[in-house]
Amino acid sequence: MFEFGMLHLAVALLGVVIGIIFGAIPGMTATMALAIFLPLTYAYDLHVSLYLLLGLYVGGISGGLIPAILINIPGTPSSITTTFDGYPMAQRGEGERALRIGITSSLLGGLFSLAVLWLFTPPLARMAIKFSAVEKFLIIVFAMTVIAALSKGNMSRGIFAGFLGVLTALVGTFNDNNMIRLVPEFLRVELIYGFSLLPVLIGLFAISQVFEEAEACMLSNRVTGSLLGNKVRKFSFKDFKGNFINIIRSSAIGTFMGILPGVGGSAASILAYAQTKNFSKKPEELGKGATEGLISSESANNGLTGGALVPLLSLGIPGDSTTAILIGAFMLQGIQVGPLFITQNPGIWNTILLALLICNFLMFFAMFFPIKLISKLITVPNCRLYPIIILMCVVGAYAINSGVMFDVWTLLLFGLVGYLFGKIKLPIPPYLIGFILGGDLEKYFIDSLKGAGGSLGVFFSRPIGNVIWVLIAISIIYALYDNRKSAKTA
Amino acid sequence: MSKKGKIVKLVLALALVASLFLTGCTSNGDNGSNGDNGEAEASLTGQRVRVVIGSTSTGGDTYLTSDTVTRYLSEKLDFNGKVDAIGASRALEEIVTTEPNGETIMMFHDMTYLGVAFGAYEDRYALENFIVGPRFAYSQLSCLAASADAPYNDLAELAEYLEANPNEVVKIAIEAGGVSQLVFNSYYSWVDETYGDEVSSRVRAFISGSTDEKAQALWDGNCDVMFGDVTALEQYVSEDVDAQIRMKIVGITSGERIPGKDYKTFAEQGITLGGEPFVFDKEYSVFYPADMPQSIIDEVDAAIAEIAEDPAYIEDLESMGFRAGYLSTEDNQEHMYQKRDSLMEMINNSPSLDELTAE
């Protein structure tokens, strides 16, 4: 009923390890890893190919936590929220502990989504279809409320940065009439598709950090010296105590966001983080190295993996950009994925489930045990580390669209933007969240209006939509209340 | 320095020297010339060839056909070919700016000229500014599909339905600037000529993206009909599929029916363009930068002519729903220019996207 042997295990391990490396290098992603390895899979049968590609997928999604925690640079867009608490923990000297918590959370999120994929694929696919452009628009608005939660004590600046991010996302071609907007004449060719996400992300997080460090002569120490050594808190599975609901909620949000086709995977960890903050007993500690924030982010972004396969294997619609590449693997082997796939190909379906299970455990073992070595990265002096980071960022930015030099200029430009934001005290995360979600926000807003003949009433006409409106309202009210409370105590 | 440190440094230095040596061995200093003699005829043999395609998808028709022919070409001509899915705009920019040494070629379909004809891309990307090479595959699978419960079964009935129901509007999901816009415009023009502008004004374009985005718009109820390929959409036609996502194919653009299938062609429904039955096959071709050495063009032509006869290549394409169909560079140039020119009148007379888009 499924295929498994030493060859399958070997290619899965190869895929996981290469995926982790891709995820860990800023600018390289799971999507890129799959795109590079896709043509190679033609030489193998589909089962072997699936072990390799799913290994790359799981490894690529998970590897992003390493730079996010150790050097405050999200290796992948879905690791942004991992930096919020992972890096402060690493600064306290708890890098190894943070990595172990992150990796374990990734495994739990991956297994949760696998269980959902295995047990509930057909009904969830039916449910996903009920989420029209209206609901997708509202979910993105809901995810964006994290901006308010993140901007506590500085709300107007945070919201302004968020809107600026959305505006940046609108640069490029407006698909409905093929007109290019917000682009100077001399950059029409380079910016026809707008700014690429990865160079913007790495520029804002990595290059701006390098500029700041350069200003300080690379002398700052990323680890607080007094906390180094034996006093540092060690990892224990007890770290997960009291986080059961957090893990389930965050994994469920990640899986659910994966199930919804067309809603970017990065939104999963953002939404999960926002909800963890809303439900936390100590919300003020999130963003300062709280384990629950790290657990939430990592379980959500690995929860995405199984979720994104639900619409792919039951509707023929990829759940995210990475699973979109998997369609190519099936098509190259002459197999159509869609509503009849599971019933017509039970052997392949079982292989996918088994491969995903094995790849999740391989990811765990491949990352968990060499952690002592990996976590030493944080002790490397800045003057030695940053040149390597710049090199990797430039290579990653150049490679992300198969060799577009403008992406390297984008990287540097947004490095400068991030540096200037720091100078004028404009927060970067809300800007980036606005940029990541802005494109989908506009698309689903326009699609909803087009479908409704231009009536704004469509946003209040659907029951699921109205439930999401209530959640949005609660989230905003809570953020405002929290902001006011902290302003009073300050 | 410790002994261990010295050994590590020595190993790293040796690895660096070895990698430089290997890089030197594999690079092509002669820019496509084959052999030691700089005056030898240019060839792709032994080169790294970047095949850029006009799509960013690695699951779509352009990638699948291009990747297949690139694999066969790489083997036949002994080069290292890699397909880069960089999208239409970037691929066109590459082909008009890259050096004509065989390191970069483009593979794409009819959107190469349709994008310019529809104004989606600048005139400097017109066919005249690069070389149209051989055709290596084609697809007779372009179609329009509607929800299974739609009150019409084909496109002719759809027009009659609109005529009989003056309050109804039908939105067709297409992608701007490509084959789907051409098919939409052709149908719109035919409705306009046959039923008048009152009816045609209620045939609206719903601009969307990839096939899966169009399918979601159809399932959402945001559009009524969508453009796609039979291969991708046929699975939704089955009786075994949930009613919510079930579709029916209301017209295919090829000249004849697909053997064993019951899908009506546009032509047999009486849909015409410029008085002639509307027939459109999507064709996939190689494109070279201007001034590409004739020897490279000739060797690719000869190789594709042989590959197109290879049963394995034919089977690979057919398993994905495409057909192998070789046209030499000379014949394909004449064919593509003629095809473009025959469509220009309709394209020029069509309303703009702003007018055709659903309100």
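α8(B) supplies the largest share of the lining of the second largest cavity, three residues. In this predicted model, that cavity holds about 60 Å³ of space. A search of the whole structure finds three cavities of 30 Å³ or more. The largest has a volume of about 100 Å³, and α8(B) gives the most to its lining too, with four residues. Chains A and B bury about 4,000 Å² between them.

**Second largest cavity**

- Chain A lines this cavity with Ala128(A), Ile129(A), Phe131(A), Lys136(A), Pro261(A) and Leu315(A).
- From chain B come Gln216(B), Trp219(B) and Asp220(B).
- α5 of chain A and α8 of chain B each supply at least two lining residues.
- By class, the lining divides into six nonpolar, one polar and two charged residues.

**Largest cavity**

- The volume here is about 100 Å³.
- Of the 12 lining residues, those closest to the centre are Lys443(A), Tyr444(A), Asp447(A), Glu213(B) and Gln216(B).
- α6 and α19 of chain A, together with α8 (211–220) of chain B, give two or more residues each to this lining.
- Four lining residues are nonpolar, three are polar and five are charged.
- Gln216(B) is among the residues closest to the centre of this cavity, and Gln216(B) also lines the second largest cavity.

**Salt bridges and polar contacts**

- Three salt bridges are found across the interface of chain A and chain B.
- Glu213(B) and Lys443(A) meet through their side chains in a salt bridge, at 4.0 Å from N to O.
- Both partners, Glu213(B) and Lys443(A), are also among the residues closest to the centre of the largest cavity.
- Between the two chains, 12 residue pairs are in polar contact, counting pairs with both residues at pLDDT 80 or more.

**Chain A side of the interface**

- α5 (80–130), α6 (133–144), α13 (321–332) and α19 (428–451) of chain A each supply at least two residues of the side that touches chain B.
- α13(A) provides the largest share of that side, five residues.
- The side of chain A that touches chain B has 21 nonpolar, 16 polar and nine charged residues.

**Extent of the interface**

- In chain A, 46 residues are in contact with 49 residues of chain B.
- Of the area buried between the chains, 52% is on carbon and sulfur atoms.

How values were computed:
Residues numbered from 1 in each chain as written. Chains lettered and ligands numbered in written order. Predicted model: local features only at pLDDT ≥ 70, side-chain atom pairs only at ≥ 80, totals over all residues. Heavy atoms only, no water. Contact = heavy atoms within 4.5 Å. Buried area = accessible area lost by both parts, 1.4 Å probe. Polar contact = N/O pair within 3.5 Å; in protein donor to acceptor, adjacent residues only side chain to side chain. Nonpolar A, V, L, I, M, F, W, Y, C, P; charged D, E, K, R; others polar. 1 Å grid on protein atoms, 1.4 Å probe; cavity = no way out; pocket = protein on both sides within 12 Å on 5 of 7 lines; lining within 4 Å. Points joined across faces, edges and corners; volume = space filled by probe spheres on them.
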